[in-house]
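Hi everyone, thanks for coming. Today I'd like to walk you through one structure, a step at a time. Have a look at it first, and then we'll begin in the middle.

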Amino acid sequence: MNLRDLQYVIAVAEHHNFTRASQAVAVSQPALSNQIKKLEAELGVPIFERSKDGVHLTAFGRDLIGQARQVVEVVDSIGDLARKHRTTERPPIRLGMTPTLAAYLSLYFRDLFVQAAPDRKIIIVEEYPVALAKMVEDRVIDMAFIARKSFDHIYLGSKRPMDFTSLWLEPLYLGVRSGHPLSRKSSIWAHEVPAEQLIRFDISFGYDLERNLPDPSDTVAEATGIDVKTARFETVCRYVAQSDACTMVNAIAAEQFKRDGFGLAFIPFDDEGNMRELGALTRPQYPNPDIIDALGRYVCENPPHGTVASRNADMVRTPVSSGT
């Protein structure tokens, strides 16, 4: 038995399919299947049950998989440690952010890391939460900044948990063009948002109140002249600023849009669940826990514009849902 065997077992257990597992570990399907069979023969007990419904772990496989993941994690952490000491010039820290954060927090995080890790450069990677989580797991990026609700959704019932360090709480607004009839409202309930004007993304922003909003409609986006399935967040906001449509805008983006004279007005929501908790997603054996501690201290003293640090949550007037 070797490390490669354990990696193959983990891949099959996660994908429930030999073909998809072989693609994940970059090896041919026959080679992976044969290696698994050799391992089962060596151990004298089957790891997987193969049926028309897919590939599932046996009772022995379920016991094995936990230990296999621990072994792979330990080996990977040794690699992290080696990279940490390999050169005098420290490697850059790669930060993953969602589209509602990446374009608006670049300068903030550069200032933050001048204090948190002055000897390290940072590289920002923009993606959606599920992709970012996979990139953290695969060590493509060091950490990702996502909503707690996204974290809970991705890792619900997972046997391979990751670490989540809460950093700040951020309200949600309804964004409309300046002068739009709704812009005169001082606040709004989610159910009051007109369905025939709302452009929504299929991917959740991480707020509980989203369940009270009208469902996404391709018709509204098409009438506005945009393909919401491919457009980036800021592109949609630009279209909203030039039309009668409306969309959801998080506080960090809203604050930047105000400074840029973007032409949008922002209406706060009255619903509970109008705040999302954001934090840093890292591997359990992340080799630089001091950086995570420094992040928490910096955000506590200097939260991004429009937000409040998680440690100061009792200062927030707006109700916060425990699920975000």
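Let's start with a single residue, Thr100. Leaving aside residues up to four places away in sequence, Thr100 touches Phe205, Phe233, Asn250, Ala253 and Arg276. Please keep in mind that this is a predicted model. Thr100 sits in helix 5. Is Thr100 buried or exposed? Thr100 is buried, because its relative accessible area is 7%, and the cut-off for buried is under 20%.

Now let's step back to the whole chain. It holds eleven helices and eleven strands. Measuring along the principal axes is how the box is drawn here, and the C-alpha atoms fill one of roughly 70 × 50 × 35 Å. Of the 324 residues in the protein chain, 49% are buried. And how are the contacts spread along the sequence? Taking contacts with a separation of 6 or more, 72% are between residues 24 or more positions apart.

Back to helix 5, then, and one of its partners. Helix 5 covers residues 99-116, and helix 10 covers residues 251-260. Their axes are 9 Å apart, and the two helices pack at an angle of about 45 degrees. What do we call that arrangement? Helix 5 and helix 10 are oblique to each other, because their angle of about 45 degrees falls outside the ranges for roughly parallel, roughly perpendicular and roughly antiparallel, as the classification of this pair confirms. The crossing of helix 5 with helix 10 is left-handed.

Which residues meet there? On the helix 5 side you can find Thr100, Leu101, Tyr104 and Leu105, and they meet Ile252, Ala253, Gln256 and Phe257 on the helix 10 side. Sorted by class, this contact has six nonpolar residues, two polar ones and no charged ones. You may recognise Ala253 here, since it was among the residues that Thr100 touches.

Let's stay with helix 10 for a moment. Its buried residues are Ala251, Ile252, Ala253, Ala254, Gln256 and Phe257. What covers them? The cover includes helix 5, strand 6 (163-177), helix 9 (233-240), strand 8 (246-250) and strand 9 (264-268). Just after helix 10 comes Gly261, with a positive phi of about 60 degrees.

Here is a second helix pair to compare by eye. Helix 1 (residues 3-15) and helix 3 (residues 29-43) have axes that come within 10 Å and cross at roughly 110 degrees. That angle makes helix 1 roughly perpendicular to helix 3. In this contact, Arg4, Asp5, Tyr8, Val9 and Val12 of helix 1 meet Leu32, Gln35, Ile36 and Leu39 of helix 3. By class, the count is six nonpolar, one polar and two charged residues.

Next, a little backbone geometry. Most residues other than glycine have a negative phi. With that in mind, look at Ala26, which is not a glycine and yet has a positive phi of about 60 degrees. Ala26 lies in the loop between helix 2 (18-24) and helix 3. Ala26 is exposed, with a relative accessible area of 72%. Arg139 is another non-glycine residue with a positive phi, this one of about 65 degrees. You'll find Arg139 in the loop between helix 6 (129-137) and strand 5 (143-147). Arg139 counts as buried, because its relative accessibility is 19% and the limit is under 20%.

Now for the cysteines. How many disulfides are there? The count comes to zero. Why does Cys237 not form one? The closest cysteine sulfur belongs to Cys246, and it is 11 Å from the sulfur of Cys237, so the two are too far apart for a bond; a disulfide needs the sulfur atoms within 2.5 Å. Cys237 is buried, at 0% relative accessible area, whereas Cys300 is partly exposed, at 22%.

One last stop is Lys149, in helix 7 (residues 148-155). Lys149 is partly exposed, with a relative accessible area of 29%. How far is Lys149 from Phe257? The two are 108 residues apart in sequence, and their C-alpha atoms are 25 Å apart in space.

That's my tour. Thank you for listening, and I'm happy to take questions.

Methods:
Residues numbered from 1 in each chain as written. Predicted model: local features only at pLDDT ≥ 70, side-chain atom pairs only at ≥ 80, totals over all residues. Heavy atoms only, no water. Buried < 20%, exposed > 50% of the residue type's maximum accessible area, 1.4 Å probe, protein only. Axes fitted to C-alpha atoms, helices over the stretch in contact; angles between N-to-C directions. Helix = DSSP H or I, 4+ residues; strand = E, 2+ residues; numbered from the N terminus. Parallel < 35°, antiparallel > 145°, perpendicular 65-115°, else oblique. Left-handed = near helix turned anticlockwise from the far one by under 90°. Contact = heavy atoms within 4.5 Å. Nonpolar A, V, L, I, M, F, W, Y, C, P; charged D, E, K, R; others polar.
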